[in-house]
Amino acid sequence: MTLHFLLLTSLFLLISDSCEFFTEVSYPRSYPCDVKNKNGSFIAECNSRRLQEVPQTVDKAVTEVDLSDNFITRITNESFQGLQNLTKINLNHIAKSQSGNPAVKKAMTITDGAFLNLKHLRELLLEDNQLQEIPAGLPESLKELSLIQNNIITLTKKNTSGLGNLERLYLGWNCYFACSKKFSIENGAFQNLTKLKVLSLFFNPLHSVPPSLPSSLTELYLSNTHIWKASGEDFKELSNSKVLDLSGNCPRCFNAPVSLGPAKGGASIQIHPLAFQTLTQLRYLNLSSTSLRKVPASWFDNMHNLKVLDLEFNYLMDEIASGEFLTKLPSLEILDLSYNYELKKYPQHINISKNFSKLISLQMLHLRGYGADLRRKDFKPLQHLSNLTTINLGVNFIKQIDFSIFHWFPNLKIVYLSENRISPLVSDTEQHDANGTFFQSHILKRRSADIQFDPHSNFYHNTHPLIKTECSRLGNALDLSLNSIFFIGVNQFKDLENGTVQYRPSRGYGQGFNGRNFSRLSGIKYLDLTNNRLDFDDDAAFSELPLLEVLDLSYNAHYFRIAGVTHRLGFIEHLTNPRVLNLSNNDIFTFTETQLKSAPLGELVFSGNRFDPRWRAREVRSRQIFQKLPNRTRLSIARKNLQKFPGQTFFNFPRDLPDLFLKGNGGNFFRGALGENPPPPRGGGLSGNQRFFLTNSLSTFASSLETLLLSRNRISHLPSDFLSGASSLIHLDLSSNQLKMLNRSTFETKTATKLTILELGSNPFDCTCDFGDFREWMDRNLNVRVPRLTDVICASPGDQEGKSIVSLDLTTCVSDTIAAIFCFLTFSVTISVMLAALAHHWFYWDAWFIYHVCLAKVKGYRSLSTSQTFYDAYVSYDTKDSCHTDWVINELRSPGDEVEDKNVLPGLRERDWDRGLACIDNSMQSITQSKKTIFVLTQKYAKNWNFKTAFYLALQRLMEENMDVIVFILLEPVLQHSQYLRLRQRICKSSILQWPDNPKAEGLFWQSLKNVYQETNETGSFKFDGLDGSY
């Protein structure tokens, strides 16, 4: 028993130590943040993790931490304790409500000095947190502080004390919408900010230019601050300023991008003629939407370095015609004069001042929304601007334009004519309106577009590029989208024949192409014909464009939906220099050719078409459609409504296919589709398939795969050897599926894995102990990054729901091996204890007897000494029988009570036993330490094992010491057929006493017992040899 107990104790301690070990390494990954190394700086990305406090598990070496978009409402001195290397903290939008309602926000509280110990902190972002004041106790090392979209309405000296090294301060949008208070700035508030370079106070009701601005300022943003007047002294000290934004003060609200309240009486902002005299270093000036009607030339007397001037959304049509101020801007590169028309005054032609010719450095000119047609002579003031690269004439409702105008500009790269009314040429004749006028009948109305709020955006000046970057990189670009050109004649672009342009025509074409339509534009490299109704019935289409690299024919489904119309794609074969061909979203389900052929093609986008009817019908010809594509072609056949992928289709793909994208289809189409030797693509996109079943065959398909995107499917199971052959796989995306369990064997490869990114978010994981197998794989493969572990959460069981898999407590789980060992040990111990108990019950006396017999044979016979006796008589009786026990205690009297000068000491069973000893040991001790052993027998007790044991022990004394100490008192007739009792009655009749039935004979009974006892006390025992005893 002791041995078993020690084994169990050792096993328990071993398991406890193992649990403690696993507990210590339960967070080997960066959690809940993702830590990235960027140019030697460690960045902790903790944004949008539903955090309620700053995590304390961020690595101490982190230099930047992003905690934006969480639910943290309190920052204390302990929040960033230990992160002494921090240089940037992003706490934007962290006071959001957990209810999910963006309108409900809690004010953040920041204790004084919460950031004071961060001696290296340079950038602190606290935007949109409902702060009432600038936090106190900021570190002196701070260079940038952003407090946009809070509730701060005062700026005092106390707020800026200790910020002598601050260079950028952003306080925009603190009091504008539904704010009836004034944003007050104490005189001298910027006195301590001697190094301040950027000050942003836009969208705050200042009503005047802040006083005593620091001379170190290089950028000042005062947009929409209700400033209606700027004096000659307001900017006097800003000699180093390079950027000044005064837009939105006294705004023009008619058709403006954002209406924030017009100026009183429609008055314009009043700027003193000499207000800008000291701004000699100014590079950028924004006076958009200030209701200007005049631009005094004196403003620009000393602005010889001005590069950008924004004057859109004013009333400067007369200034555009006169342009006196333009003579003072020789270095100007970008000029925006869009939307400067007078209300209800719409000129027939654009009237540009001759002074535009003085802008010798001009590169970009924006004249949107002028509202007039364009003639050749109207552009003469611009013809000598050799640096001009971009002309924006969008939204001018131009009906016809002479493209030869643009030959005047040798460096012109972009001509933007989108959203006009340019119509096609018919027989080289321009189409005119029947009434000879057009724009006068067009009445402008207020816009109702829903503009997405961005506190950092410029509300009046669009900073997005006019043309796609990819398009502009290829050469000159012409954008004619959203015009009225419904077909293209041969002479439509006759004046551009010497130009190499990227053409983006208007929508609404309904014509076919025969190889002559763009003959005047043979240098086109990028052609965008999206959202038209093109009819492809001639293999010579686009053959006149030998330099064409990018051809976008997407969203031309009109004729492809008509089964009876000829659908020819043979023109692809005649493209001599194709790099990208986009035929997506055309609902193509039938065409004349059986195979697509092409010169070396970089990418073919064929998504959003309809092969599912033909592949469901098992049409063999349709499966060979991509067989003749050149090798190394990236192929996308996503969103084709495929329910099943034919088994032989992959064999008909190019053998050196680098990337294959099959996302957005609809079915279990990969069961058996990949065969044994499919083509080895480098990247695969299988995202967005509504129902997807993965089999073991995909592992062979992935032998050379580097990227595999399987997100947004309904994958519920991954086979154990899914990636066994994907030794080249780098990026695997399994997010947004129905995975409940992941096993380590799923991600194990035959050779060393190159997997570095594994995305698992938005899966309903079942976080039981079986999930520990995958957790163990994660802990062993720390080189595999699992982005956003906070989104990898459990869906079941109930107590784990909503928790990240990293936060699971696996200490309660035991491995199968340990569980089996523990089960075996406990089973063995249980069986051993049960067998020992049974053996003790059945064979204890035999074993004890045999042991002592063997011991006696080894050591020899030794008589037990009885010279010292403790009891005069030991009484053995049935202690379980209450009547029996009562008779012994109350009736049985010592036969020596009447003997004078005798001290009689009887010993009773159990009453006089030593506590803690075994019953047999107590019986043996009582018998050996008593002169006589009296057995009080009843029929029940005569059958009791306790009687037999005591009798054998008393009989042992007779055998070992030749001393008969046994006395029987029979309360009932018992053992009548016992040979031993009969023999004893004949040999030693006085040792057997029977309780009389007649009460009158009780005296004789007690006298007989007394005689036996007296004889015993005198002689010590009955000694006899054979039948001749002492009796």
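**Close-ups of a predicted model**

**View A. Lys 88 and the residues around it.** Leaving aside residues up to four places away in sequence, Lys 88 touches Thr 63, Glu 64, Val 65, Leu 121, Glu 123 and Leu 125. Keep in mind for this view and the rest that the model is predicted. Lys 88 sits in strand 5, which covers residues 88-90. Is Lys 88 buried or exposed? Neither, quite: its relative accessibility is 25%, so Lys 88 counts as partly exposed. Glu 144 is also worth finding here: 56 residues separate Lys 88 and Glu 144 in sequence, and their C-alpha atoms are 9.1 Å apart in space.

**View B. The disulfide between Cys 33 and Cys 46.** A search of the whole structure turns up two disulfides, and one of them joins Cys 33 to Cys 46, with 1.9 Å from S to S. Cys 33 is in the loop between helix 1 (2-24) and strand 1 (34-38), while Cys 46 is in the loop between strand 2 (41-45) and strand 3 (64-66), so the pair ties together parts that are 13 residues apart in sequence. Which hand does this one have? The torsion about the S-S bond of Cys 33 and Cys 46 is about 110 degrees, so the disulfide is right-handed. As for exposure, Cys 33 and Cys 46 are both buried.

**View C. The disulfide between Cys 767 and Cys 794.** Here Cys 767 is joined to Cys 794, again with an S to S distance of 1.9 Å. The pair links distant parts of the chain, 27 residues apart: Cys 767 is in the loop between strand 35 (765-766) and helix 9 (772-780), and Cys 794 is in strand 36 (residues 794-796). The torsion about the S-S bond is -95 degrees, and the link of Cys 767 and Cys 794 is left-handed. Both Cys 767 and Cys 794 are buried.

**View D. Two more cysteines, Cys 854 and Cys 883.** How accessible is Cys 854? Its relative accessible area is 42%, which means Cys 854 is partly exposed. Cys 883 has a relative accessible area of 60%, so Cys 883 is exposed.

**View E. Helix 10 against helix 14.** Helix 10 (residues 816-859) and helix 14 (residues 945-961) pack with their axes 12 Å apart, at an angle of about 10 degrees. That angle is why helix 10 counts as roughly parallel to helix 14. Which residues meet here? From helix 10 come Trp 845, Trp 848 and Phe 849, and from helix 14 come Trp 945, Tyr 952, Leu 953 and Gln 956. Sorted by class, the contact of helix 10 with helix 14 has six nonpolar residues, one polar and no charged ones.

**View F. A look along helix 14.** With 17 residues at 1.5 Å each, helix 14 should span 24 Å, and the end C-alpha atoms of helix 14 are indeed 24 Å apart, which agrees. Its buried residues include Phe 947, Phe 951, Leu 953, Leu 955 and Leu 958, and also Arg 957 and Glu 961. Right after helix 14 comes Asn 962, whose phi is positive, near 60 degrees.

**View G. Helix 12, mostly covered.** How many of the ten residues of helix 12 (residues 919-928) are buried? Seven, so to speak the bulk of the helix, which is mostly covered. They are Ile 920, Asn 922, Ser 923, Met 924, Ser 926, Ile 927 and Thr 928.

Conventions:
Residues numbered from 1 in each chain as written. Predicted model: local features only at pLDDT ≥ 70, side-chain atom pairs only at ≥ 80, totals over all residues. Heavy atoms only, no water. Axes fitted to C-alpha atoms, helices over the stretch in contact; angles between N-to-C directions. Helix = DSSP H or I, 4+ residues; strand = E, 2+ residues; numbered from the N terminus. Parallel < 35°, antiparallel > 145°, perpendicular 65-115°, else oblique. Contact = heavy atoms within 4.5 Å. Nonpolar A, V, L, I, M, F, W, Y, C, P; charged D, E, K, R; others polar. Disulfide = S-S within 2.5 Å. Buried < 20%, exposed > 50% of the residue type's maximum accessible area, 1.4 Å probe, protein only. Expected span 1.5 Å × (residues − 1).
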